[in-house]
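Q: Could you take a close look at one part of this model for me, and then walk me outward from there? I'd like one connected answer rather than a list.

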Amino acid sequence: MGNSQTTAAQEARIERSMRNDRIATGVLTAIVALVMAIVVSMVLYILAQGVGQLFQPGFLTEASRANGTEGGIAYQLFDSFYLLILTLIISLPISLGGAVFLVEYAPEGPITKIASTAIETLSSLPSIVVGMFGFLMFSVNFGWGYSLISGAIALTMFNIPILTRVIQQALEDVPSSQRDACLAMGLTRWETTLHVLIPAAMPAIVTGVVLSAGRVFGEAAALLFTSGMSSPARLNFLSLNFASPTCAWNIFRPGESLAVHIYKIYGEGSPEAQHIVWGTAALLMICVLLFNVLSRIAGKALARRMTAE
Amino acid sequence: MTTETDQFLKSVDSSERGPRVTGVAISDEVMLETKDVNVYYGDHHALHDTSLAFHKDEITALIGPSGCGKSTFLRSLNLMNREIKGCRVTGEILYDGHNINTKTENLYELRKSIGMVFQQPNPFHKSIRENITFAPKRHGVRDKAVLDQMVEESLRGAALWDEVKDKLDKSAFALSGGQQQRLCIARTLAMKPDVILFDEPCSALDPISTLAIEDLMLSLAKDRAIIIVTHNMEQASRVSNRTAFFYMGDMVEYGETEQIFQRPKDKRLNDYLTGMFS
Amino acid sequence: MAKQMPKRNLEKVGLSVTGACVALVTLVVVALIFMVAQRGISTFIKDGVNIAEFFFGTEWNLAVTNEATGLPYTGALPLIVTSFAVTILSTVIALPIAIGAAIYTVEIQPKFGQKVFQPLVELLTGIPSVVFGLIGFHVIVGAMRAIFNVDLGLGILPGSIVLACMILPTITTLSIDALRAVPQSYREGSLALGYTRWQTIWHVVLKSATPSLMTAVILGMTRAFGETLAVRMVIGGVEVMPTGVLESASTITTTLTTSMAVYATGSVQNDVLWSLGLILMGMSLIFIMIIHIIGAKGAKQRG
């Protein structure tokens with residue numbers, strides 16, 4: 001009698017905990033489904049709203065008119081890529097050097113600690129603060145005004161901590177036996193890094209750089225006060241007079257990225273402006289998705305080439 | 001022995017191999033010597049007062065249980081411990097008549113003379129040829145004829161030439177584990193070292209490859225001092241002339257290999273040999 | 001390198017080149033901190049704005065001069081309160097979802113989680129904040145109007161929802177890493193004692209991953225506190241003390257966006273904005289410090 005009671009109580013408890021387990025699993029599945037639904041619907045919504053605009057004649061090839069509310073977004077598209085390239089030209093060597101220092105040379109002690117704390121601080125600063133600093137330092141103090149170069153440096157500050165961490169991780173993931181082999185043959189760490197470690201880490205570095213490029217491409221807050229909120233009305237791509245304000249390649253002219261363009265005109269009520277906003281957003285999304293896919297493909301292709309022959 | 005090994009042994013250039021005497025000392029000429037070497041990792045005192053001499057034409061085996069300090073000691077000999085952050089080596093290491101454990105020692109030149117082969121085969125992600133020429137090129141050898149000759153000599157020296165001579169420009173990663181390890185030895189030979197340090201070179205290899213490497217070591221000992229760290233006591237007794245036994249950071253006993261294995265003096269060594277611990 | 005350089009010199013070159021990169025970054029960061037601090041503090045020293053008035057005043061209007069002090073209205077409390085409100089509210093929304101998704105990914109469907117769910121969530125990290133803002137402005141604000149029957153639908157609530165979506169990938173990815181780092185033996189031990197999977201997750205896995213999960217949350221909050229444009233697009237941008245979650249308000253960052261370019265460098269108004277920047281910087285330094293403290297504690301516990 002007593003025995004069967006215990007069994008009954010035990011069974012009830014087991015039954016209860018099994019039920020809890022099932023409920024928990026159900027709730028978690030629902031959460032995951034919700035998150036996936038949000039991501040997918042977001043992407044689809046933007047594309048659905050904007051892809052049509054991309055095929056409007058002139059949207060991708062004409063300059064904008066009436067402060068961005070009419071016309072195309074050709075210059076914004078160009079400026080976005082130009083800013084990205086300038087940013088990578090500045091930030092890539094610095095991040096590479098910084099990462100190599102931290103992985104290979106950094107002596108133990110306060111100097112290294114200060115340096116890595118500085119990079120960490122930079123990574124957590126709001127981009128608006130970086131933008132304010134860039135504005136004061138480059139636009140005002142250096143007298144560069146609203147210019148692509150100010151914007152590129154602000155983006156560099158935003159990009160360096162990301163890149164440094166990615167490259168650092170990639171270098172650390174190269175088996176230490178590769179480093180040992182080089183050093184044991186009387187080579188310097190510098191040669192080891194240049195000729196063995198960086199080539200071996202290249203797939204991971206490329207993946208990381210392209211991914212970070214996607215982030216830079218969509219950044220806007222740091223650009224508002226540095227590269228400005230407008231592109232020149234007319235750009236001359238054939239001009240090589242780099243001092244001319246209409247020369248497309250002049251890094252001291254103002255410029256406006258796609259993301260800034262969206263921010264500038266999102267509140268405009270006219271239907272044409274709204275079409276432009278969604279078209280720009282769709283273009284931005286497509287670029288970011290491309291960067292995402294490209295980073296994986298490039299990394300995998302490089303890795304395959306290295307391990308194969 | 002299998003036929004495969006027989007074939008391999010035939011392929012080793014017999015003039016380089018020569019008749020080898022193992023188990024007893026065969027030379028008095030010291031090539032490398034340590035005096036009271038101590039190694040610290042931060043606060044941890046990993047190796048105490050170790051004094052040993054390594055002789056030309058001889059193979060010396062360093063044996064002992066894991067964590068006994070034998071690999072730590074080996075890495076001191078070519079100053080590789082300097083590459084580990086927080087690692088400190090004190091005492092004298094005498095090579096070529098002078099102490100190399102000094103701040104002013106040119107360790108890049110030194111490591112050309114004291115080569116090292118590691119536990120895991122670690123070829124570079126390059127072709128077989130480039131694996132061998134990479135370091136010499138960086139040390140200033142530019143002449144293509146010299147480099148080509150170096151590739152052939154080193155590969156012959158490592159008994160790998162016949163197997164890879166037709167695919168020198170293929171990736172080193174296409175080779176088997178044993179071949180990769182012999183390529184790493186060839187790479188070291190290209191630097192024309194006087195001393196070669198082997199850090200458990202066979203622990204990642206199958207038995208046949210292991211025997212191949214052992215035979216190779218015997219052929220390499222001519223005019224060189226070879227030092228091998230090994231877990232495998234049969235290996236130590238097969239290849240070495242002298243043996244040192246390490247235990248808990250101390251060099252406990254050192255002598256001719258036959259004496260160490262057959263008439264150990266220290267109780268700890270006796271226990272280790274009889275399998276009380278490993 | 002045409003000529004062969006002595007190895008020792010070559011190593012010195014390597015050390016100096018890479019060291020210079022790190023030194024440059026460090027210098028820029030130090031310059032940034034110094035500059036923001038100097039500007040931000042000069043509001044109180046040079047311009048004579050009362051610190052207490054700045055932190056506790058509830059009236060913010062840079063365009064109008066206060067007759068009593070001769071200075072603009074610089075009470076930043078509404079902005080500070082709004083910033084904290086959106087940060088906390090968005091974390092409250094995102095946290096259960098992120099942890100739940102992380103548990104699912106690590107404990108329930110590892111294969112699906114790694115192959116499908118995680119790349120999808122990471123895609124969210126890459127979506128530009130203006131795009132979040134745009135969707136927030138059109139979809140979420142519209143939904144607010146429809147659901148709560150309000151006129152504008154702008155304010156703290158839509159801001160928090162948008163922010164929650166933005167910090168979700170950060171917290172989720174880091175939580176997944178945290179749960180993966182829990183040794184398998186812990187789970188096996190618990191299951192062997194007869195606990196169900198859910199009990200194991202709740203009592204063993206989550207408990208031992210708590211420090212890392214807290215780090216994940218703090219990093220998410222750091223991002224939320226500093227996020228600018230997405231919030232700007234859905235919060236309304238009216239600098240008054242928030243009275244409800246569906247009233248237009250303005251955070252520190254959104255006020256900076258709208259006012260920074262308006263006032264000349266050196267003016268009181270501009271200096272006050274730098275003081276706001278100083279608050280942002282101070283908060284992110286505090287967040288970093290908290291993460292370090294959690295890390296140090298975790299290290300101590302592991303021994």
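A: Sure, let's start with a single glycine. This is a predicted model, and in it A:Gly143 counts as exposed, because its relative accessibility is 58% and the cut-off for that label is over 50%. As for where it sits, look in the loop that runs between α4 (127-141) and α5 (148-173) of chain A. If you want a landmark elsewhere in the chain, try A:Ala74: the two C-alpha atoms are 28 Å apart in space, with the two positions 69 residues apart in sequence terms.

Now zoom out to the chain that carries this loop. Chain A has nine helices and two strands, and going along the sequence they come in the order α-β-β-α-α-α-α-α-α-α-α. Its radius of gyration is 26 Å, well over the 19 Å that the globule rule gives for 309 residues, so chain A is more spread out than a compact globule. You can get a feel for that from the box its C-alpha atoms fill, roughly 100 × 65 × 45 Å along the principal axes. Even so, 55% of the 309 residues of chain A count as buried, unlike A:Gly143, which is exposed. As for how the chain contacts itself, take the contacts with a separation of 6 or more: 76% of them link residues 24 or more positions apart.

Next, the partner chain. Chain C puts 77 residues in contact with 74 residues of chain A. People often give the size of an interface as the accessible area lost when the parts come together. Here the area buried between chain C and chain A is about 6700 Å², and carbon and sulfur atoms give 83% of it.

What about charges and polar pairs across that boundary? There are two salt bridges between chain C and chain A. One of them joins C:Lys7 to A:Glu191, with the closest N and O atoms 2.7 Å apart. Polar contacts between the two chains come to nine residue pairs, counting those with both residues at pLDDT 80 or more. On the chain C side, the element that gives the most to the surface touching chain A is helix α1 (residues 7-45), with 21 residues. Sorted by residue type, that side of chain C has 51 nonpolar, 20 polar and six charged residues.

So that's the route: from an exposed glycine in a loop of chain A, through a chain more spread out than a compact globule, to the 77 residues that chain C brings into contact with chain A.

Key: Residues numbered from 1 in each chain as written. Chains lettered and ligands numbered in written order. Predicted model: local features only at pLDDT ≥ 70, side-chain atom pairs only at ≥ 80, totals over all residues. Heavy atoms only, no water. Contact = heavy atoms within 4.5 Å. Buried area = accessible area lost by both parts, 1.4 Å probe. Salt bridge = Lys/Arg side-chain N within 4 Å of Asp/Glu carboxyl O. Polar contact = N/O pair within 3.5 Å; in protein donor to acceptor, adjacent residues only side chain to side chain. Helix = DSSP H or I, 4+ residues; strand = E, 2+ residues; numbered from the N terminus. Nonpolar A, V, L, I, M, F, W, Y, C, P; charged D, E, K, R; others polar. Rg over C-alpha atoms; globule rule 2.2 N^0.38 Å. Buried < 20%, exposed > 50% of the residue type's maximum accessible area, 1.4 Å probe, protein only.
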